Amino acid sequence: MKRVFSGIQPTGEPHLGNYLGALRWWVDFQRRYDAFYCVVDLHALTIPGDPEELSKSTLTMATLLLACGLDPDRCTLFVQSHVHYHADLTWLLECTASMGELSRMTQFKDKAQKGGEESARVGLFAYPVLMAADILLYDADLVPVGDDQRQHLELTRNLAERWNARYGQTFTVPEAAIPPRGGGARVMDLQEPEHKMSKSAISDAGIVFLFDDPKSIERKVKRAVTDLDPPGPGAVRWDPAAKPGVSNLLELLAAINGGSPEEVARGYEGYAKLKSDAADAVISLVRPLQERYRELAQDPGAVQAVLAAGARKAEEVAAMTYERARSAIGLLGS
Ligand code: AQP
């Protein structure tokens, strides 16, 4: 059976982009593949944050993943820092990666720009190598991620291929499993539809969080930026370059209710109905997740037990891969 790995950072609240671009595919993939999923808390250290908040949000994220439908009997769910091989393998990979290839990562450039490149953390620069270690440790064939991670996946593949060529066959070279076009691969910010919806955006106004109440969802979707075209035939159409806001709403509806964004567009002539249908679809999507989350959050001990069992299972697999890598690169065994 093919192996799948993916992770999510416990920074900030998860949003609709995380769900449509990644989490719902995780739920689907656990039924078909040997799936390893991880709350990547070490990645969260790459930007400033409150230590107390980090441990809380790690547990919150794990609880939410279970609420979304991850089933501990079908997948291995764990916290990245509970398996020390992630950090160990990162160092070995960092000693094969070049400054040049990491400098080309656009996510580093975007995030570093927000706080100033001089004060950006070294960990933020090296983050894609940690992500490569996460994936390669589990011999993953497939990595379900949103479109924004495409470049990091390419780097992972390059690092694995280079290592295998230099030190002998050690790693499985993974493929990205990015949602199909119109399937939520890149959900855009409702206020700035040229930018992806992101937890670390400066304003929350264009982000639908999975914990938002129906009123906030309705307000955010109804205030979504569209354009000034008058209503009528052709005003509502799938055209991400000319009509990014309208296209984003169509993509949301298509990703949630099915069909392609072009098909969805055929039912509309004006923006008000499009927005109210999109708001209803999002509210119906998040309501059961929120209910399930509230139930699971009553028993944090049970969630911790799932994570502890997951870490034990993950560690067994990670230890074997690390051992192969350690020996291939010439480190003396203990
Ligand atoms: N807007 C998006 N549309 C589709 N997929 C998305 N993902 C993130 N944003 C979108 C996917 O969600 C998964 C988990 O992402 P992450 O939290 O680990 O990191 P990220 O990609 O950096 O997500 P954010 O929200 O932008 O967080 P910050 O602002 O903290 O960096 C990934 O598979 C990602 O592709």
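Okay, let's start with a small one: the lining of the second largest cavity splits into five nonpolar, two polar and one charged residues. Before I go on, a reminder that this is a predicted model.

So who are those residues? The second largest cavity is lined by M105, Q107, F108, K111, L124, Y127, P128 and H152. Two elements, helix 6 and helix 7, give two or more residues each to that lining. As for volume, we're talking about 60 Å³ of space in there.

How many cavities of 30 Å³ or more does the structure hold? Two. The largest cavity holds about 610 Å³ of space. Its lining runs to 38 residues, and the ones closest to the centre are G7, N18, D148, Q149 and K196. By class, that lining comes out at 16 nonpolar, 16 polar and six charged residues.

If you want to find that wall in the viewer, here's the list of elements. Strand 1, at 3-8, helix 1, helix 6, helix 7, at 122-137, and strand 4, at 142-144, each put at least two residues into the lining of the largest cavity. Which of them has the largest share? That's helix 1, with six residues.

Now, what takes up the space of the largest cavity? The ligand does. Let's look at what is around the ligand. There are 23 residues surrounding the ligand, and the closest are H15, K111, D148, K199 and S200. You've heard two of those names already: K111 also lines the second largest cavity, and D148 is among the residues closest to the centre of the largest cavity.

By class, the shell around the ligand has six nonpolar, twelve polar and five charged residues. On the element side, helix 1, that's 16-30, and helix 6, at 106-115, each supply at least two shell residues. Helix 1 gives the most to this shell, with four residues.

Let me walk through some individual contacts, for those of you who like distances. With D148, an N or O atom of the side chain sits 2.5 Å from a ligand oxygen. With T11, again through the side chain, an N or O atom is 3.2 Å from an oxygen atom of the ligand. G17 does it through the backbone: one of its backbone N or O atoms lies 3.1 Å from a nitrogen atom of the ligand. And how much of the ligand does the protein bury? Taken alone, the ligand exposes 640 Å², and 98% of that is buried by the protein.

Right, on to the pockets. The largest pocket has about 730 Å³ of space. Its lining is made of 30 residues, with T11, A44, I47, P48 and G49 nearest the centre. So T11 turns up twice, here near the pocket centre and in that side-chain contact to a ligand oxygen. Helix 3, which is 51-68, and helix 6 each supply at least two residues of this lining. The largest share is from helix 3, with six residues. By class, you get 13 nonpolar, ten polar and seven charged residues.

The second largest pocket has a volume of about 540 Å³. Here 20 residues do the lining, and D110, K114, H195, K196 and S198 lie nearest the centre. K196 is another repeat, since we met K196 among the residues closest to the centre of the largest cavity. Which element gives the most to the lining of the second largest pocket? Helix 6, with six residues. Helix 8, at 150-167, is also on the list, and like helix 6 it supplies at least two residues. The class split is two nonpolar, nine polar and nine charged residues.

If you keep one element in mind from all this, try helix 6. Helix 6 supplies at least two residues to the shell around the ligand, to the lining of the largest pocket, to the lining of the second largest pocket and to the lining of the largest cavity. And helix 6 gives two or more to the second largest cavity as well.

One last oddity, on the backbone side. D139 has a positive phi, about 50 degrees, although it is not a glycine. Where is D139? In the loop between helix 7 and strand 4. Both of those elements showed up earlier in the lining of the largest cavity.

That's me done, thanks.

Definitions and conventions: Residues numbered from 1 in each chain as written. Predicted model: local features only at pLDDT ≥ 70, side-chain atom pairs only at ≥ 80, totals over all residues. Heavy atoms only, no water. Near = heavy atom within 4 Å. Polar contact = N/O pair within 3.5 Å; in protein donor to acceptor, adjacent residues only side chain to side chain. Areas by Shrake-Rupley, 256 points an atom, 1.4 Å probe, with all protein chains shown as cover. 1 Å grid on protein atoms, 1.4 Å probe; cavity = no way out; pocket = protein on both sides within 12 Å on 5 of 7 lines; lining within 4 Å. Sits in = over half its atoms within 2 Å of the grid points. Nonpolar A, V, L, I, M, F, W, Y, C, P; charged D, E, K, R; others polar. Points joined across faces, edges and corners; volume = space filled by probe spheres on them.
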